[in-house]
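Biologist: Please take a close look at a single part of this model, the hairpin, and then set it within the chain as a whole.

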Amino acid sequence: MMNEKKLEALEKVAKVGSISAAAKELFISQPALSQTVSSIEKEYGCQVLTKQNNRLVLTYEGEEIIKTVRRQLILQQNLERKLADAADGQEGRLNIGLSPIRAQQFLPEIIPLFRAKYPRVKVVVHTTLGFEKKVLSGDLDLAFVMDNLELGIDPADQRMLVYEPLFRYAHLLAVPPQHPLAQEAKKIYNWNKRPPIDLRQVAGEPFISCTGNRYVLGVRPIWEAYQFKPQIILELSSTETLFPLVQAGVGFALGQDSYAYNFCKRREGAFFRLDKGEFEHNLCAIYRTDTYVSNAMRDFVSLVKEKTDSGVWNRID
């Protein structure tokens, strides 16, 4: 069976469309990568790449080989997890997908507890997004993502994923510190104890936004509910610096309350609920339906749930 290194090489060539470009990204020589592709074709007795519109693409045979080998590798991973659990479950590797902000939120609370129980399990955290595809491919064992958002994943592929709800979160309006609304927030810092506001109160004010699919799909219903067209002066590729830029006075922004709680510990930030609803979503742990959920995987998710139930993620006062 093709090994994982060869599989990743073939997938990289198909993704970038050329041997030379793929070789650069894989940090290997072009002849070495060409030889890898040739060895795959020799192993399976068929052509795996073809030229189309001046770029290399997978042939039908190439696509089927990748799908089948991926399934075989997942079966192998499942077997290894089962055998590890049958022994003592204390060794192995856990690949987790977390957004950068979620990693800052979860890891300081979860990792010390997890390592106390699994000192010999290596945890590898991936913060580059596109987690559904990485879980489907077997690159990640599990990931933490928002639900109810269509990201262009084939429905058949999405049915191969389990979405296990962990907690709900709402969207808040973040207000820069120099705005009069921020002064109102100082009187009652806990936004849950203040009346929600009409987003149209800040019509014409500068807004910071993000281009990420999940962010766009999450805030679009809010714009539509208020028939609000934000005056966007800055767009980010991710939400990591969204609220810090609001704090710096750059503009207003909509964002998740679970991120706002990070500011609460320092008594920073002015956040407001919206009077047209919470616009809630679930944060879910996702994994493949055919994945053997190891003890380590299950306990990692359970620790997130326990911290959720104790109020760690949503403590204001």
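Modeller: In this predicted model, strands β1 and β2 run antiparallel and are joined by four bridges. Within this pairing, lysine 51 stands opposite leucine 56 of β2. The hairpin has two residues between its strands, and asparagine 53 takes a positive phi near 50° there. Asparagine 53 thus belongs to the loop that runs between β1 (49-52) and β2 (55-58). Most residues other than glycine have a negative phi. Asparagine 53 is not a glycine, yet its phi is positive. As for its surroundings, asparagine 53 counts as exposed, because its relative accessibility is 73% and the cut-off for exposed is over 50%.

A second residue invites comparison with the hairpin. Phenylalanine 279 also has a positive phi of about 50° without being a glycine. Its place is in the loop between β11 and β12, the latter covering residues 281-288. Phenylalanine 279 has a relative accessibility of 19% and therefore counts as buried, the limit being under 20%. Asparagine 53, by contrast, is exposed.

A further loop position is aspartate 154, which is found between β5 (142-146) and α7 (155-158). With a relative accessible area of 42%, aspartate 154 is partly exposed. Between aspartate 154 and valine 250 there are 96 positions in sequence, and their C-alpha atoms lie 38 Å apart in space.

The hairpin is antiparallel, whereas β8 and strand β9 (residues 231-236) pair in the parallel sense, over five bridges. In that pairing, cysteine 210 has leucine 236 of β9 as its bridge partner. Four of the five residues of β8 are buried, so the strand is largely enclosed by the rest of the structure.

Strand β8 (206-210) is also one of the elements that give two or more residues to the largest nonpolar core, a core of 39 residues whose members with the most contacts inside it are Leu173 and Leu199. The other strands in that list are β7 (171-175), β10 (253-256) and β11 (270-272). The helices in the list are α8 (180-187), α9 (213-226), α10 (242-247) and α11 (257-264). Leaving aside neighbours within four places in sequence, leucine 199 is in contact with Leu173, Phe207, Ile222, Trp223, Tyr226, Phe228 and Leu274. Apart from this core lies another, of 27 residues, which includes Leu94, Ala103, Met146 and Ala285.

The chain as a whole supplies the wider setting. Its secondary structure comes to 12 helices and 12 strands, and 47% of its 317 residues count as buried. Along its principal axes, the C-alpha trace spans about 70 × 50 × 35 Å. Among contacts with a separation of 6 or more, 77% are between residues 24 or more positions apart. The chain exposes about 16100 Å², of which carbon and sulfur atoms supply 51%. Its charges comprise 41 positive and 38 negative ones, and the mean positions of the two sets are 3 Å apart.

To return to the part requested: the hairpin of β1 and β2 has two residues between its strands, and asparagine 53 in its loop is exposed.

Note on methods. Residues numbered from 1 in each chain as written. Predicted model: local features only at pLDDT ≥ 70, side-chain atom pairs only at ≥ 80, totals over all residues. Heavy atoms only, no water. Buried < 20%, exposed > 50% of the residue type's maximum accessible area, 1.4 Å probe, protein only. Contact = heavy atoms within 4.5 Å. Areas by Shrake-Rupley, 256 points an atom, 1.4 Å probe, with all protein chains shown as cover. Lys, Arg positive; Asp, Glu negative; His and termini not counted. Charge placed at Lys NZ, Arg CZ, Asp CG, Glu CD. Core = buried A, V, L, I, M, F, W, Y, C linked by side-chain atoms within 4.5 Å. Pairing = 2+ DSSP bridges.
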